[in-house]
Amino acid sequence: MANNTRARRQVRISRALGIALTPKAVKYLERRPYGPGEHGRARKKQDSDYAVRLREKQRLRAQYGIREAQMTRVFEEARRTKGLTGENLVELLEMRLDALVLRAGFARTIAQARQLVVHRHIMIDGARVDRPSFRVAEGQLIHVHPRSEVMAPLQVAAAGAHRDVLPAVPGYLDVKLESLQARLVRRPKRTEVPVTCEEQLVVEFYAR
C-alpha cells in the first residue's frame, strides 16, 4: 500500500512539473499530458517570471529527489566553484552516490537507488556508505556488497532489466553491470547529464 501511495504521488508530481520522474509516470504523461486535478486541462494564465524559475528549480530538485536545504547547499558550492554556476550545480548533483547508482543501472528510480544506499547495500572502494548525498570522487569504484548481490532486485538489475527505462550509460561512468560495479572515471559534463533542466533559470531563482 505504501509503495502504491508513493507511486501515485510521484505520478501527480510528474504531471504538475511536466516531466516523468519514474518509468510509470511516462505512461501517465503520454495519456494525460496536462496537470493533475479537475482544472488540469484548463488553459492557464501566463506564468510570472518567478513562477517559471520556481518550477524549473522544483523540476531539478524532483529529479534528484532532494530537499530544499540540500539543494541550497549544493547551489552555494556551485556558485563558489570556478565556471558557470548552473553547469556546476548539475554536475555536483550528478556526483551524488544515489544519482550514480541510478545511472549505472543498479536501480530503476532515484528512490530505489537511495534505498539501496541507506540500507547499506552499496560500497565505495570496499567500504560501506549509507549516505545518498555522498560525493563520489573521480576514480572511485561503486559496487554492491557481496552479501547483497544475491538479492532479487539486484539480480534483476545485473541482468540489465532496467536498461529499457533508463538513459544510456553516460561517458563519465565505466559500468560492469553483470558484476554490479561502476567507476566514476571523470567529473560529469552538463551536456552528458540526463536531466531535464534549464539550469540558468535555477541560478536566477536563487540569485533573486
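**Figure 1. Three aromatic pairs are counted in this predicted model.** One of them brings together Y50 and F205, whose ring centres are 5.8 Å apart and whose planes differ by 35°, which gives a tilted pair. Where do these two partners sit? Y50 belongs to helix α3 (residues 49-64) and F205 to helix α9 (residues 199-206), so the pair ties together parts that are 155 residues apart in sequence. Are the two residues buried or exposed? Y50 is partly exposed, with a relative accessible area of 41%, whereas F205 is buried at 5%.

**Figure 2. F75 and Y206 form a stacked aromatic pair.** Here the ring centres are 4.7 Å apart, with 25° between the planes. Planes under 30 degrees apart count as stacked, so this pair earns the label. F75 is part of helix α4 (residues 68-80) and Y206 is part of helix α9, so parts that are 131 residues apart in sequence are tied together. Both partners are on the buried side of the cut-off: F75 has a relative accessibility of 3%, and Y206 has 18%. Since buried means under 20% relative accessible area, the value of 18% is enough for Y206 to count as buried.

**Figure 3. Ring pairs join Y50, F75, F205 and Y206 into a cluster.** Follow the rings from Y50 in α3 and F205 in α9 to F75 in α4 and Y206 in α9. There is a charged neighbour to find as well: the charged end of R208 sits over the ring of F205, at 4.1 Å from the ring centre.

**Figure 4. Helices α4 and α9 cross at roughly 100°.** Two packed helices are described by the angle between their axes and the distance between the axes. For α4 and α9, the axes come within 12 Å. The crossing angle makes α4 roughly perpendicular to α9. Which residues meet here? From α4 come E68, M71, T72 and F75, and from α9 come V202, V203 and Y206. Sorted by character, the residues of this contact are five nonpolar, one polar and one charged. An α-helix has 3.6 residues a turn, so residues three or four places apart point the same way. With that in mind, look again at E68, M71, T72 and F75 along α4.

**Figure 5. E68 of helix α4 touches K57, R61 and Y206.** That list leaves out residues up to four places away in sequence. How far is E68 from K57? The two are 11 residues apart in sequence, and their C-alpha atoms are 9.6 Å apart in space. E68 is partly exposed, with a relative accessible area of 26%.

**Figure 6. E56 is a buried residue of helix α3.** Its relative accessible area is 7%. What does E56 contact, leaving aside its neighbours within four places in sequence? The partners are T196, C197, E198, L201 and V202. One of these, V202, has already appeared where α9 meets α4.

**Figure 7. Helix α6 (residues 97-104) is largely enclosed by the rest of the structure.** Why can we say this? Eight of the eight residues of α6 are buried, so the helix is largely enclosed. Reading along α6, the buried residues are L97, D98, A99, L100, V101, L102, R103 and A104. Just after the helix comes G105, with a positive phi of about 95°.

**Figure 8. R120 and D125 each have a positive phi although neither is a glycine.** Most residues other than glycine have a negative phi, and most peptide bonds are trans. R120 has a phi of about 65° and is found in the loop between α7 (110-118) and β1 (122-124). D125 has a phi of about 50° and is found in the loop between β1 and β2 (127-128). Are these loop residues buried or exposed? R120 is partly exposed at 37% relative accessibility, and D125 is partly exposed at 47%.

**Figure 9. The whole chain has nine helices and five strands.** Stepping back from the close-ups, the elements run α-α-α-α-α-α-α-β-β-β-α-β-β-α from the N terminus on. Of the 208 residues, 44% count as buried. Among contacts with a separation of 6 or more, 55% are between residues 24 or more positions apart.

How values were computed
Residues are numbered from 1 along each chain as its sequence is written. This is a predicted model: local features need pLDDT of at least 70, side-chain atom pairs count only at pLDDT 80 or more; totals for chains, interfaces and linings use all residues. Side-chain values use heavy atoms; hydrogens and water are left out. Buried means under 20% relative accessible area, exposed over 50%, partly exposed in between (1.4 Å probe, protein chains only). Helices (H or I, at least four residues) and strands (E, at least two) are DSSP runs, numbered from the N terminus. Rings of Phe, Tyr and Trp (its six-membered ring) pair if their centres lie within 6.5 Å; planes under 30 degrees apart count as stacked, over 60 as edge-to-face and the rest as tilted. A charge sits over a ring if NZ of Lys or CZ of Arg is within 6 Å of the ring centre and within 35 degrees of the ring normal. Axes are lines fitted to C-alpha atoms, for helices over the stretch in contact, and angles run from 0 to 180 degrees between N-to-C directions. Angles under 35 degrees count as roughly parallel, over 145 as roughly antiparallel, 65 to 115 as roughly perpendicular and the rest as oblique. Contact means heavy atoms within 4.5 Å. Ala, Val, Leu, Ile, Met, Phe, Trp, Tyr, Cys and Pro count as nonpolar, Asp, Glu, Lys and Arg as charged, and the others, Gly among them, as polar.
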